[in-house]
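Hi,

Here is the structure I said I would pass on. Have a look at it first, and my notes come after.

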Amino acid sequence: MRAKTSPQRVVLRARICLRAAEGKSNHAIAQQLGTSRPTVLLWRKRFHDAGPSGLSEDAPHGPSAQRLSPRTVRAIVEATLHTTPPDATHWSTRTMAHAQGVSHASVARIWDAHGLQPHRIETFKLSKDKRFVEKLTDVVGVYLTPPGQGAGAVCG
């Protein structure tokens with residue numbers, strides 16, 4: 001309990017059990033340690049059932065209550081790879097979540113598990129602007145003949 005490297009949650013659990021062994025009431029233990037009575041009851045029961053090792057480990061919580069089906073995961077991956085949202089160049093976790101009827105955190109986990117990063121586009125996309133060629137010619141012209149470098153310019 002005095003070791004500086006002990007996790008504080010384990011120290012609290014041990015203090016609860018030591019005070020219980022001294023015969024103190026659950027209410028008194030909770031007040032002394034600044035915790036709740038249900039917490040005291042929980043750790044006293046866990047110590048009674050599993051001994052000292054029951055204090056050092058949290059109880060298993062089991063699988064998530066809301067697991068996505070493989071079909072839903074596959075649909076999200078397919079939509080990410082082969083479609084784009086309306087009025088956007090790529091999916092965000094929130095737009096995909098809205099389209100698929102899941103949470104944005106679920107989409108983020110699926111993308112992470114499959115190595116998908118739709119916000120990092122590595123392909124060239126051509127502009128749909130009707131005046132694109134005209135604008136491109138103007139920009140390239142500025143680089144090929146910078147202002148002050150045209151015919152008759154004096155370099156010093």
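Below is what I found, going from the overall fold to single residues.

Keep in mind that this is a predicted model.

**The chain as a whole**

The protein chain is helical: eight helices and zero strands. Read from the N terminus, the order of elements is α-α-α-α-α-α-α-α. Of its 156 residues, 19% count as buried. The accessible surface adds up to about 12300 Å², and carbon and sulfur atoms own 56% of that. As for contacts with a separation of 6 or more, 41% are between residues 24 or more positions apart.

**Where H5 meets H7**

Have a look at helix H5 (residues 70-82) and helix H7 (residues 104-114), whose axes come within 10 Å of each other and cross at roughly 75°. With that angle, H5 is roughly perpendicular to H7. On the H5 side, the contact is made by Val 73, Ile 76, Val 77 and Thr 80. H7 brings Val 107, Ile 110, Trp 111 and His 114 to it.

Following the chain on from H5, you get to Asp 87, in the loop between H5 and helix H6 (93-100). Asp 87 is not a glycine, yet it has a positive phi of about 60°. Its side of the story on accessibility is simple: the relative accessible area is 86%, so Asp 87 is exposed.

**Helix H3**

Two things in H3 (residues 37-50) are worth a click. One is the salt bridge between the side chains of Lys 45 and Asp 49, at 2.7 Å from N to O. Why do these two sit about one helical turn apart? Because Lys 45 and Asp 49 are four residues apart in helix H3. Both residues of this pair are exposed.

The other is Phe 47, also in helix H3. Phe 47 has a relative accessible area of 36%, so it is partly exposed. Which residues does Phe 47 touch, leaving aside neighbours within four places in sequence? They are Cys 17, Pro 52 and Leu 55. Phe 47 also has Arg 13 at 8.9 Å, C-alpha to C-alpha, although the two are 34 residues apart in sequence.

**The other salt bridge**

The count of salt bridges comes to two. Besides the Lys 45 and Asp 49 pair, there is one between Lys 24 and Glu 22, where the closest N and O atoms are 3.9 Å apart. The cut-off for a salt bridge is 4 Å, in case you wonder about that value. Glu 22 is exposed, with a relative accessible area of 56%. Lys 24, at 31% relative accessibility, counts as partly exposed.

**A nonpolar patch on H8**

Last, the surface. Leu 136, Val 140 and Leu 144 make a nonpolar surface patch of about 280 Å². Leu 144 belongs to helix H8 (residues 132-144). Is Leu 144 buried or exposed? With a relative accessible area of 67%, Leu 144 is exposed.

If you only open a few views, I would pick the H5 and H7 crossing at roughly 75°, the positive phi at Asp 87, and the nonpolar patch that includes Leu 144.

Cheers

Technical notes. Residues numbered from 1 in each chain as written. Predicted model: local features only at pLDDT ≥ 70, side-chain atom pairs only at ≥ 80, totals over all residues. Heavy atoms only, no water. Patch = residues over 30% accessible without salt bridge, like charges linked within 9 Å, V, L, I, M, F, W, Y side chains within 5 Å. Areas by Shrake-Rupley, 256 points an atom, 1.4 Å probe, with all protein chains shown as cover. Buried < 20%, exposed > 50% of the residue type's maximum accessible area, 1.4 Å probe, protein only. Axes fitted to C-alpha atoms, helices over the stretch in contact; angles between N-to-C directions. Parallel < 35°, antiparallel > 145°, perpendicular 65-115°, else oblique. Contact = heavy atoms within 4.5 Å.
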